[in-house]
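Trainee: I'm new to this structure and would like to begin with a single part. Please take me closely through the sheet, strand by strand where you can, and then show me what its strands lead on to.

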Amino acid sequence: MNQVFSLHRLAPCFTSLGLLSQGPLSSSLFFSAANNRLSFLRFSIRARAMASHIVGYPRMGPKRELKFALESFWDGKNNAGELQKVAADLRSSIWKQMADAGIKHIPSNTFSYYDQVLDTTAMLGAVPPRYGWNGGEIGFDVYFSMARGNASVPAMEMTKWFDTNYHYIVPELGPDVKFSYASHKAVDEFKEAKALGVDTVPVLIGPVSYLLLSKPVKGVEKSFSLLSLIDKILPIYKEVVTELKASGATWIQFDEPTLVMDLDSHQLQAFTHAYSELESTLAGLHVLIETYFADVPANAYKTLTSLKGVDGYGFDLVRGPQTLDLIKGGFPSGKYLFAGVVDGRNIWANDLASSLNTLQTLESIVGKDRIVVSTSCSLLHTAVDLVNETKLDKEIKSWLAFAAQKVVEVNALAKALSGHEDEGFFSANAVAQASRKSSPRVTNEAVQKAAAALKGSDHRRATDVSSRLVAQQKKLNLPILPTTTIGSFPQTLELRRIRREYKAKKISEEDYVKAIKEEINKVVKLQEELDIDVLVHGEPERNDMVEYFGEQLSGFAFTVNGWVQSYGSRCVKPPIIYGDVSRPKPMTVFWSSTAQSYTKRPMKGMLTGPVTILNWSFVRNDQPRSETCYQIALAIKDEVEDLEKAGITVIQIDEAALREGLPLRKSEQAFYLNWAVHSFRITNTGIQDTTQIHTHMCYSNFNDIIHSIIDMDADVITIENSRSDEKLLSVFREGVKYGAGIGPGVYDIHSPRIPSSEEIADRINKMLAVLESNILWVNPDCGLKTRKYAEVKPALSNMVVAAKLLRSQLASSK
């Protein structure tokens, strides 16, 4: 476990690697003798004259190789050397693929064993004292303890990376943090690629964005300015840059995505100061500042394009098309424009003709030799390679491009811009674009009319939440501080095997149903033994909380290997919404009714909400997202009403991703929140007062949207709380009134650590200081799917013990 995080000792393992260890990116574009080294070199020399760039690339591997290696390492089944070998093979493959495709600016240091922000924290030696680090190069033991916690200390906070479903580990900083150069990963990976014959652009999270994405360490005043630490971290950045220059780097990329946010003058001044300080160190390097996920505001654009020592600016022209107007209004002479025209956030094939037109317009402004074709952001947020999708409908497949195919698109656009258009490739693309626009499978007029009709009503339940809670309590008869869980229970290897064999038709439907019923019964009995008040069926029939529903709705397509990293080793396989959405038949009623028949206690019906299904899918880009969300809301509404008819009196409609979809610019947020909250209310507007509607949210900063959460009008909301130092509770301390039921999570399920009953009781007491006891629920932060029963049973037992202790204390105080 004490293996050094540095990777420069891995060079010997590279000699055995083939030139293309993961297969071709696109058989139609690559030479047939891909493993012929001479052909490769000739192709590379010719292709590298083209101006093309990839911001970043998925690191899990086309078949989740890194995930399995990480989990085996954490379980003690393989050692650090074996994990490092898998990682080295993946990196080598990625670099070779990009080189083969003719990409000029290939990124390095975008690989991570857990998270790129955590990697920067390691680079800066900003390790919280509780992890017992005593200096030197940071090893896996400290690194993974920061990410996941360990037996004695909790993990660092995890939150969403801007408006994506990727989670990053939030740095904990204060005035007393001692920074030191403690991870040489950026330099080691640059050298690693160079040893393979690939010149790369090392990527660092920029110093200002790093600080703006951090939080004050516990005990430090909220008013503490994180930017006051800029002069303490810049010396480490200088050391890294100096080593990269000495190692032969010619370009360096600083990701400064916070430049797309609404920053004040003080924050913008920090960019000017930081890059002025770095200017002399950066001399001799080409410097790229990369932004993504939204338009760059006019004042930030002015600051960015005035930074000293910077040669190029990267813009997301997919999610930030208005940045085009700023570029047209003035672009610095002699600088490079990295034009992000290939979407790094979605899986639709690029409209090459449209993108080429945009690029030609930009070329006329910035100059032929100063424009670089790029992805809009890192391809981390897309699936890896469409080649691995052998079962996908052929027509739908022709409309798609995963990360590997997007690399090819970038190069094809760069070639076309330089006058060498691949006519066959562009022609095939045009045919696919036309097919998607005209395909009858995309449009359902009845669905469109029903969704359009929703806009004229507010869709609210007839009575207020206080009245409903009284009616529900008479029916449910719950104790004070009722206990529940969020939904899922551990997905064991045996359970996954059963689902896999049923899908492959290796076992009969009868045997499958019997096995799932047995699992549900086991989970129900366990919860009764633990004395949990409101039960769940454990979701053994579900692969993923979005994919499961998408498979039963029209307008969705699915992949076999379309995995996308969510955090650490956790991957999701987003469905593809390609057409209008409707529900052909009930989706969950059978399983929820079966579970309810096993117990007299209330059994929650478990649904995923429309906003979360939207935000955790690859969504069609040919109509507004709000239109698609309304369609999904109508489908979930049908399911809610069928559950109620089947006698399910508690129904949870998870909206884990509602906050995630909030636009980064404040001017766009009200519109989003209006249709997102409206979509949730549509799902349950017609049910009885005695049916209790729960929702769940996790791992985001909810304080700034608390009034929208109240406007959702759910009867009970369970919400992440423990890993974020209970920031959620601060809104109630500051006077926000909340009359619905609320369950701020009492322990972090994303860590293997088991909290004691005393620790949980202490958390509940903190909640009782700001929330009324009659609305407070006791529950974990999130579902238990990723945990083992050896962790789940004692943690839930301690949770129930803590709740009972507090109940008795409250009773005696009265």
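Mentor: Let's start with a word we'll need: two strands pair if DSSP finds at least two bridges between them. Keep in mind, too, that this is a predicted model.

Now for the sheet. It's an open one with 8 strands, and the order across it runs β1-β12-β11-β10-β9-β8-β6-β2, with parallel pairing. At the edges sit β1 (52-53) and β2 (106-108), and each of these pairs on one side only. As for what holds such an arrangement together, strands of a sheet pair through backbone hydrogen bonds, either parallel or antiparallel.

Let's zoom in on β8, which spans residues 251-255. With β9 (residues 286-290), β8 pairs in the parallel sense over 5 bridges. One contact to find on screen is phenylalanine 254, whose bridge partner in β9 is isoleucine 289. On to β6: this strand pairs with β8 in the parallel sense too, over 3 bridges. Here leucine 204 has phenylalanine 254 of β8 as its bridge partner. So phenylalanine 254 is a handy landmark: it's the bridge partner of leucine 204 and of isoleucine 289.

How well covered is β8? Mostly: 5 of its 5 residues are buried. Trp251, Gln253 and Asp255 point one way from the strand, while Ile252 and Phe254 point the other way, and all are buried.

Further along the order you'll meet β10 and β11 (residues 336-342), which pair in the parallel sense over 5 bridges. Look for glycine 314 there: its bridge partner in β11 is phenylalanine 338.

Now let's follow these strands outwards, starting with β6 (200-205). It is one of three elements, along with α5 (116-123) and α7, that each supply at least two residues to the lining of the second largest cavity. That cavity holds about 280 Å³ of space. It's lined by 21 residues, and those nearest its centre are Asn109, Thr110, Gln116, Val203 and Ile205. α5 gives the largest share of the lining, 4 residues. By class, you get 9 nonpolar, 8 polar and 4 charged residues around it.

The helix α7 takes us to a salt bridge. Arginine 91 pairs up with glutamate 192, with their closest N and O atoms 2.7 Å apart. Arginine 91 belongs to helix α4 (residues 80-100) and glutamate 192 to helix α7 (residues 185-195), so this bridge links distant parts of the chain, 101 residues apart. Are the two partners buried or exposed? Buried means under 20% relative accessible area, so arginine 91 at 2% makes the cut, and so does glutamate 192 at 4%.

Back to β10 for another salt bridge. Aspartate 163 and arginine 319 form one, their closest N and O atoms being 3.5 Å apart. Arginine 319 lies in the loop between β10 (312-316) and α12 (323-329), and aspartate 163 in the loop between β3 (158-160) and β4 (167-169), so the pair ties together parts that are 156 residues apart in sequence. Their surroundings aren't alike: aspartate 163 counts as buried at 10% relative accessibility, whereas arginine 319 counts as partly exposed at 34%. For scale, the structure holds 42 salt bridges.

One last stop, since we've already looked at a cavity. The structure holds 8 cavities of 30 Å³ or more, and the largest has about 460 Å³ of space. Its lining takes in 28 residues, with Met545, Arg570, Trp616, Cys782 and Gly783 nearest the centre. Two elements, β14 (564-567) and β15 (570-572), give two or more residues to that lining. Sorted by class, it has 10 nonpolar, 11 polar and 7 charged residues. Cysteine 782 is buried, with a relative accessible area of 15%. Don't go hunting for a disulfide, though: the count comes to 0.

Terms used
Residues numbered from 1 in each chain as written. Predicted model: local features only at pLDDT ≥ 70, side-chain atom pairs only at ≥ 80, totals over all residues. Heavy atoms only, no water. Salt bridge = Lys/Arg side-chain N within 4 Å of Asp/Glu carboxyl O. Buried < 20%, exposed > 50% of the residue type's maximum accessible area, 1.4 Å probe, protein only. 1 Å grid on protein atoms, 1.4 Å probe; cavity = no way out; pocket = protein on both sides within 12 Å on 5 of 7 lines; lining within 4 Å. Points joined across faces, edges and corners; volume = space filled by probe spheres on them. Nonpolar A, V, L, I, M, F, W, Y, C, P; charged D, E, K, R; others polar. Disulfide = S-S within 2.5 Å.
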